[in-house]
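Trainee: I've just opened this one and don't know my way around yet. Could you walk me through a few spots?

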Amino acid sequence: MTLHIPFDNSYARLPRDFYAPQAPVPVKAPSLIAFNAPLARSLNITGADDPQLAALFAGNALPAGAEPLAQLYAGHQFGHWNPQLGDGRAVLLGETLGADGLRRDIQLKGSGPTPFSRRGDGRAWLGPVLREYVVSEAMHALGIPTTRALAATRTGEEVWRETALPGAVLTRVAASHIRVGTFQAFAARRQHDLLRRLYDYTVDRHYPDARDPLDLLNAVIARQADLVTRWLSVGFIHGVMNTDNCTLSGETIDYGPCAFMDVYNPETVFSSIDRHGRYGYGSQPDIIVWNMAQLATALVPLMPDEEGAIKAFTQAVHAMPGLIRAGWLRRFGAKIGLADARPEDAALIGDLLVLMDRGQADFTNTFRALAEGDARDQLTDRGGFDTWAEQWNRRLDEEPGDPVALMRATNPAIIPRNHRIEQMIAAAVAGDDAPFHRLNAALANPFDPAPEDDDLRRPPTPSEVVPATFCGT
């Protein structure tokens with residue numbers, strides 16, 4: 001049965017200023033690693049048994065109805081302004097309406113050079129493709145808004161990243177690829193008519209209730225505040241929170257140097273290029289506020305009263321830390337069994353985190369152990385934990401529901417740990433995809449894992465610790 005994607009490509013109907021038409025560049029010998037059939041069904045895609053899937057998702061053949069293009073955007077990268085970025089190694093094939101009625105992009109990553117490649121080869125190697133596939137699908141299973149992985153293919157070609165590595169292409173699905181940097185591009189160029197067109201498109205696609213740019217800003221702020229508190233609650237570190245990696249839809253996007261913490265330390269940084277900790281675990285709430293300030297700046301030209309707009313937008317951005325604190329309290333309250341955490345509960349949560357930090361406790365396993373009754377064993381200061389647990393149990397006595405059930409539904413038992421991802425990549429480079437498939441299957445049930453996957457809960461040994469992650473570009 002031939003693969004059928006019911007394309008309806010609204011972005012391609014925007015002016016050419018928004019993108020460059022660009023077909024993916026064919027590869028030598030495509031072979032399919034994975035195809036996400038359940039996701040395909042939710043997108044109304046049929047023909048999952050098409051023998052040409054590898055060719056289609058490597059870019060060697062275009063599905064009927066595709067209108068491939070590379071999107072324009074700009075952005076602040078580690079705080080430094082770059083006036084033109086754009087899809088340098090990605091092609092948006094088009095959009096489809098899912099079974100839920102929502103529109104989603106289908107994009108190939110690693111599909112060859114585009115006009116925005118800036119002398120790059122436009123390709124991806126196998127490691128980052130498998131990392132994004134596994135981590136984005138794990139984030140979805142954790143209930144965190146994210147882009148998703150539809151397919152992964154080998155190209156049969158090598159790419160050069162200091163050494164020769166096997167090439168691959170990822171097929172990514174997103175609510176859209178509209179970024180803060182997309183707005184910044186037109187605002188910086190003073191192309192206010194195009195900025196207005198982008199605003200209208202974004203409102204129509206994501207925020208139909210927004211009446212003006214302030215409404216849009218407030219809605220995006222709310223989604224991004226919620227997203228970052230969700231990241232914090234599972235120990236996730238994005239690693240490269242540039243404004244071009246910050247979506248208007250509120251989804252997690254671009255999993256280059258991302259990582260999940262093992263040992264709890266709020267100053268944890270993994271990205272090899274984040275030398276000053278700008279995008280470390282504990283810095284993410286501040287950076288998302290900074291990113292929203294850049295969005296607000298880009299939206300100002302759309303307001304008739306610029307002085308009034310600056311005042312209103314500033315108030316909106318300044319209110320964001322309060323939203324993040326409230327979201328953090330709600331999510332971390334649930335992690336210790338409090339369905340309706342109170343402001344005074346922040347001290348109780350903070351005291352546990354201090355014990356974890358001092359004792360170098362594993363973030364995921366400690367919180368999961370609260371539900372399983374053996375959290376004391378995760379900490380070196382057991383007397384300190386006993387004192388804390390007395391206060392905690394008194395507070396739990398005031399809870400009307402089932403704190404243990406709440407904690408089990410909130411604290412995952414399995415996360416995509418860095419050392420497991422690196423082992424998976426090494427195996428795949430050697431030609432063995434079994435660890436990839438096993439990890440992907442296990443992470444689909446993070447709160448209720450199968451007994452045979454208990455080994456995936458183990459933190460890394462000293463020799464397995466992954467001290468840094470890389471963008472993969």
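Trainee: Let's start with D345. Leaving aside its neighbours within four places in sequence, which residues is D345 in contact with?
Mentor: Keep in mind that we're looking at a predicted model. D345 sits in helix 10, which covers residues 345-358. Skipping the neighbours within four places in sequence, its contacts are L329, L338 and R395.

Trainee: Is D345 buried or exposed?
Mentor: Anything under 20% relative accessible area counts as buried. D345 has a relative accessible area of 3%, so the label for D345 is buried.

Trainee: And which side chain does the side chain of D345 make a polar contact with?
Mentor: Go back to the contacts of D345, which include R395. The two side chains make a polar contact at 2.9 Å, so to speak hand to hand, and D345's partner is R395.

Trainee: D362 next. Where is the place of D362, and is D362 buried or exposed?
Mentor: D362 is in the loop between helix 10 and helix 11 (363-372). Its relative accessibility is 6%, and the cut-off for buried is under 20%, so D362 counts as buried.

Trainee: Which side chain makes a polar contact with the side chain of D362?
Mentor: Not counting residues up to four places away in sequence, D362 touches D262, V263, M356, Q378, R417 and P459. A polar atom of the D362 side chain also lies 2.8 Å from the backbone nitrogen of N365. For the side-chain polar contact, at 2.9 Å, the partner is R417.

Trainee: Moving on to helix 4: how many of its residues are buried?
Mentor: Helix 4 runs over residues 180-188 and is mostly covered. What covers its buried residues includes strand 4 (75-77), strand 5 (80-82), helix 5, helix 6 and helix 7. The buried ones are V180, G181, T182, F183, Q184, A185, F186 and A187. Out of nine residues, the buried count is eight.

Trainee: Which residue just after helix 4 takes a positive phi?
Mentor: Look just past the end of helix 4. The phi there is about 60°, and the residue is R190.

Trainee: What about empty space? Which element gives the largest share of the lining of the second largest pocket?
Mentor: That pocket has a volume of about 650 Å³. Of its 26 lining residues, L102, R103, R104, A175 and H206 are the closest to its centre. Elements giving two or more residues to the lining are helix 1 (37-42), strand 7 (103-109), strand 10 (164-174), helix 5 (192-206) and helix 6 (213-233). The largest share, four residues, comes from helix 5.

Trainee: And the largest cavity: which element gives the largest share of its lining?
Mentor: The largest cavity has a volume of about 70 Å³. It is lined by 13 residues, with Q224, W231, N245, C246 and I288 nearest its centre. Two elements give two or more residues to the lining, helix 6 and helix 7 (284-299). The largest share, three residues, comes from helix 6.

Trainee: Last one: at what angle do helix 14 and helix 15 pack?
Mentor: Helix 14 (residues 418-429) brings R420, I421, M424 and A427 to meet P435, F436 and L439 in helix 15 (residues 434-443). By class, the residues of this contact are six nonpolar, no polar and one charged. The axes are 7 Å apart, and the packing angle is about 145°.

Note on methods: Residues are numbered from 1 along each chain as its sequence is written. This is a predicted model: local features need pLDDT of at least 70, side-chain atom pairs count only at pLDDT 80 or more; totals for chains, interfaces and linings use all residues. Side-chain values use heavy atoms; hydrogens and water are left out. Buried means under 20% relative accessible area, exposed over 50%, partly exposed in between (1.4 Å probe, protein chains only). A polar contact is a pair of N or O atoms within 3.5 Å; within protein, one must be able to donate a hydrogen and the other to accept it, and residues adjacent in sequence count only if both atoms are side-chain atoms. Contact means heavy atoms within 4.5 Å. On a 1 Å grid over the protein atoms alone, a cavity is a set of points where a 1.4 Å probe fits but cannot get out, and a pocket is an open set with protein on both sides within 12 Å along at least five of seven lines; lining residues have an atom within 4 Å of a point. Grid points are joined across faces, edges and corners, and a volume is the space filled by probe spheres set on the points. Axes are lines fitted to C-alpha atoms, for helices over the stretch in contact, and angles run from 0 to 180 degrees between N-to-C directions. Ala, Val, Leu, Ile, Met, Phe, Trp, Tyr, Cys and Pro count as nonpolar, Asp, Glu, Lys and Arg as charged, and the others, Gly among them, as polar.
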